[in-house]
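Biologist: Could you take a close look at one part of this model for me? I'd like to hear about the backbone in the loops, and whatever surrounds it.

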Amino acid sequence: MQSLYVEGNSLMHRLSPRAKLLSLAALGVVLFIADNIALLSIVVLLAAAVYRAVGLPLADALGRLRPIFLTIVVVALFSLIFNSWHEALVTLLRLTALMLFAATVTATTAIAEFIDEVTALARPLERTGWVQADDIGLAVGLVLRFVPEILGRYQAIREAHTARGLKVRPTTLLAPLIILTLRDADNIAAAIDARGIRRHVS
Amino acid sequence: MRGTGLDIRFEGAGVSFGARTALEPLTLGLGGNRIGIIGLNGSGKTTFARLINGLTKPTVGRVTVNGRDTGDEKTAGADVGFIFQSPQNQIILPIVKDDIAFGLKRRGFTKAEIEAKVDGVLARFNAQALAERRAHELSGGELQVAALCSVLATGPSILILDEPTNQLDIRNRALVEKIIDGLEESAIIITHDLELIAGFERVLLFHEGRLAADAPAAEAIARYKEIAV
């Protein structure tokens with residue numbers, strides 16, 4: 001199983017997971033308040049510089065962002081249909097900056113740290129009686145753990161298509177990808193239960 | 001030193017999924033330290049094992065382990081560790097020592113206790129070199145060792161291994177066989193690798209959701225070959 005975490009000693013690696021997560025949340029709020037294109041462009045450039053400092057080779061760094069960036073472009077294009085070009089560009093810049101900073105946080109925080117920190121931050125929510133902080137931490141950790149697995153599955157299905165001389169189409173890729181992902185999710189859930197990880201949460 | 005033995009009881013326990021019977025109701029007790037489970041694919045072996053851990057609940061009857069009903073959510077599986085067919089699905093965190101520690105954190109151990117337990121279980125299998133390794137970089141045998149460490153760190157007295165030598169090369173298979181042979185815990189081994197269980201005093205053979213034989217290895221394997229070939 002691959003990991004999104006990249007070993008290194010950059011400034012972002014040295015920051016505490018809590019500082020990174022709270023900064024990400026604060027940046028999200030600031031980005032959605034601001035609508036000045038020049039300012040948002042500067043934030044995008046800064047976020048790109050911080051992401052670049054993580055230490056990933058350029059091709060890997062871009063490869064990780066590709067699916068999310070394509071989604072952002074689609075959202076911006078939809079925005080362009082219904083809104084002005086200014087609003088569409090603001091949407092593109094906001095989401096791009098957020099994507100770059102979030103990718104940096106993900107690449108510089110180990111999954112174990114993520115789980116511990118999210119669990120600690122969610123602990124006060126337990127007072128409502130609706131949620132278990134441990135479950136929230138575990139859920140976030142599993143999402144991060146699953147992303148590279150799903151990308152790996154996608155590549156394997158693509159290669160299987162190519163090996164069989166089939167044209168790679170989203171319609172033929174999605175069904176096996178969803179089925180295999182759900183099957184893996186079942187296996188992981190069984191492993192979590194077998195290890196008593198949720199059973200022992202009090 | 002081997003474990004004190006199994007105390008597993010099936011009391012008319014069976015599993016059905018709608019009209020399909022995965023395991024016919026079964027009454028038996030499991031004792032001793034090593035039990036082998038064999039049978040064709042889809043014969044009910046894994047369902048039988050999952051009942052012991054509480055991963056699958058019986059639709060009829062009940063199963064107890066050391067006197068505790070595996071249907072009880074709070075205590076099910078507390079004494080039973082389970083190693084799955086694909087250990088990579090069992091490893092939740094990418095770094096081996098983090099993954100071993102993960103199950104312990106959830107049990108409320110202190111940081112010092114967790115570190116001691118992680119170091120202890122790795123030392124037990126002479127696997128200290130795996131501590132900082134990433135799971136996706138490990139060989140098949142190393143993955144099995146990592147999965148074993150994650151499970152055994154929590155101190156189960158019974159271990160279920162589902163096809164532990166599946167897809168391993170000769171070297172890794174030998175490594176896993178040696179580890180199983182040296183386990184202190186009682187072990188239930190589901191396998192198609194008949195050599196692995198050849199010396200066991202008790203082997204259960206499942207066929208079409210029924211227990212077809214409960215005998216020493218040689219007898220159960222002979223019966224299996226009659227059925228399968």
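Modeller: Sure. A word on terms before we start: helices and strands here are DSSP runs, H or I over at least four residues for a helix and E over at least two for a strand, numbered from the N terminus. Keep in mind that this is a predicted model.

With that in hand, go to chain B and find B:N66, which sits in the loop between β4 (60-65) and β5 (68-69). What catches the eye there is phi: for B:N66 the angle is near 50°, a positive value in a residue that isn't glycine. As background, most residues other than glycine have a negative phi. How buried or exposed is B:N66? Partly exposed, because 15 other C-beta atoms lie within 10 Å of B:N66, and a residue needs 20 or more to be buried, or 12 or fewer to be exposed.

Further along chain B there's B:E163, in the loop between β7 (158-162) and α6 (170-182). Phi of B:E163 is also positive, near 50°, and again the residue is not a glycine. B:E163 has 19 C-beta neighbours inside 10 Å, so B:E163 counts as partly exposed.

As for chain A, you'll find eight helices and zero strands, so to speak a plain run of α-α-α-α-α-α-α-α along the sequence. Its C-alpha atoms fill a box of roughly 55 × 55 × 35 Å along the principal axes. Of the 202 residues in chain A, 24% are buried. Among contacts in chain A with a separation of 6 or more, 69% join residues 24 or more positions apart.

Technical notes. Residues are numbered from 1 along each chain as its sequence is written. Chains are lettered from A and ligands numbered from 1 in the order in which they are written. This is a predicted model: local features need pLDDT of at least 70, side-chain atom pairs count only at pLDDT 80 or more; totals for chains, interfaces and linings use all residues. Two residues are in contact if their C-beta atoms, placed from the backbone, lie within 7 Å.
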